[in-house]
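Subject: Handing over a structure

Hello,

Here is the structure I promised to pass on to you. Please have a look at it first, and then read on for what turned up in it.

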Amino acid sequence: MPEVAGQTRELEAFAGAYIEYAAQLEAAGDDADEVTPPEIPPPFRSWIEFLFRVERKLKTNPELSRTLHADTAAGLEALEAARNKFARQHKQCPRCGRFAPRAAGNCGCGQKF
Ligand SMILES: [Zn+2]
């Protein structure tokens, strides 16, 4: 387990930044190099990427969830919480697919919400 495994509040915040970055990248398509990567300390980045891999494995092999270490289970919950928070705070532009803050009146592409 990495030393950051028990720091779930920080993990949730960094996972939120990571999820937002991934969403912006996906939406940007050919303009992906215009998207700035978030600053996430390497131990957290490794831990988040490990948790994403565990999540993918769980989708095809759900019984693995019974053998998870408590820190991994807590990490997966933090990831889920970050994802839900992102969904609550953002909306996706129906025209270009980019994500914008829920309070925004229009998208960068000019589409009004
Ligand atoms: Zn748009």
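A crossing of two helices is called right-handed if the near helix is turned clockwise from the far one by less than a right angle, and left-handed if it is turned anticlockwise. Please keep in mind as you read that this is a predicted model.

**Two helices that cross**

With that definition in hand, α1 passes α3 in a right-handed crossing. The residues that make this contact are T8, L11, E12, A15, G16, I19 and E20 on the α1 side, and A74, G75, A78, L79, A81, A82, R83, K85 and F86 on the α3 side. By type, the residues of the contact comprise nine nonpolar, three polar and four charged.

How are two packed helices described? By the angle between their axes and the distance between those axes. Here, helix α1 covers residues 8-28 and helix α3 covers residues 70-89. Their axes come within 8 Å and cross at roughly 50°. An angle from 35 to 65 degrees falls between roughly parallel and roughly perpendicular, and α1 and α3 are therefore oblique to each other.

**The nonpolar core**

Which residues make up the largest nonpolar core? There are 12 in all: V4, L11, F14, A15, Y18, I19, W47, I48, L51, A78, L79 and A82. In soluble globular proteins, nonpolar side chains tend to be buried together. The elements that give two or more residues to this core are α1, α2 (42-60) and α3. Of these, α1 gives the most, with five residues.

A15 is a good residue to click on. Leaving aside residues up to four places away in sequence, A15 touches I48, A78, L79 and A82.

**Two exposed residues**

Is H69 buried or exposed? H69 has 11 C-beta neighbours inside 10 Å, and because 12 or fewer counts as exposed, H69 is exposed. H69 lies in the loop between α2 and α3. Although H69 and M1 are 68 residues apart in sequence, their C-alpha atoms are 9.0 Å apart in space.

K112 is found in the segment after β2 (99-101). With 9 C-beta neighbours inside 10 Å, K112 counts as exposed too. Not counting residues up to four places away in sequence, K112 touches G105 and N106. The C-alpha atoms of K112 and R95 are separated by 9.5 Å, with their positions 17 residues apart along the chain.

Enjoy exploring it, and best wishes.

Note on methods:
Residues numbered from 1 in each chain as written. Predicted model: local features only at pLDDT ≥ 70, side-chain atom pairs only at ≥ 80, totals over all residues. Axes fitted to C-alpha atoms, helices over the stretch in contact; angles between N-to-C directions. Helix = DSSP H or I, 4+ residues; strand = E, 2+ residues; numbered from the N terminus. Parallel < 35°, antiparallel > 145°, perpendicular 65-115°, else oblique. Contact = placed C-beta atoms within 7 Å. Nonpolar A, V, L, I, M, F, W, Y, C, P; charged D, E, K, R; others polar. Core = buried A, V, L, I, M, F, W, Y, C linked by C-beta atoms within 7 Å. Buried ≥ 20, exposed ≤ 12 C-beta atoms within 10 Å, placed from the backbone.
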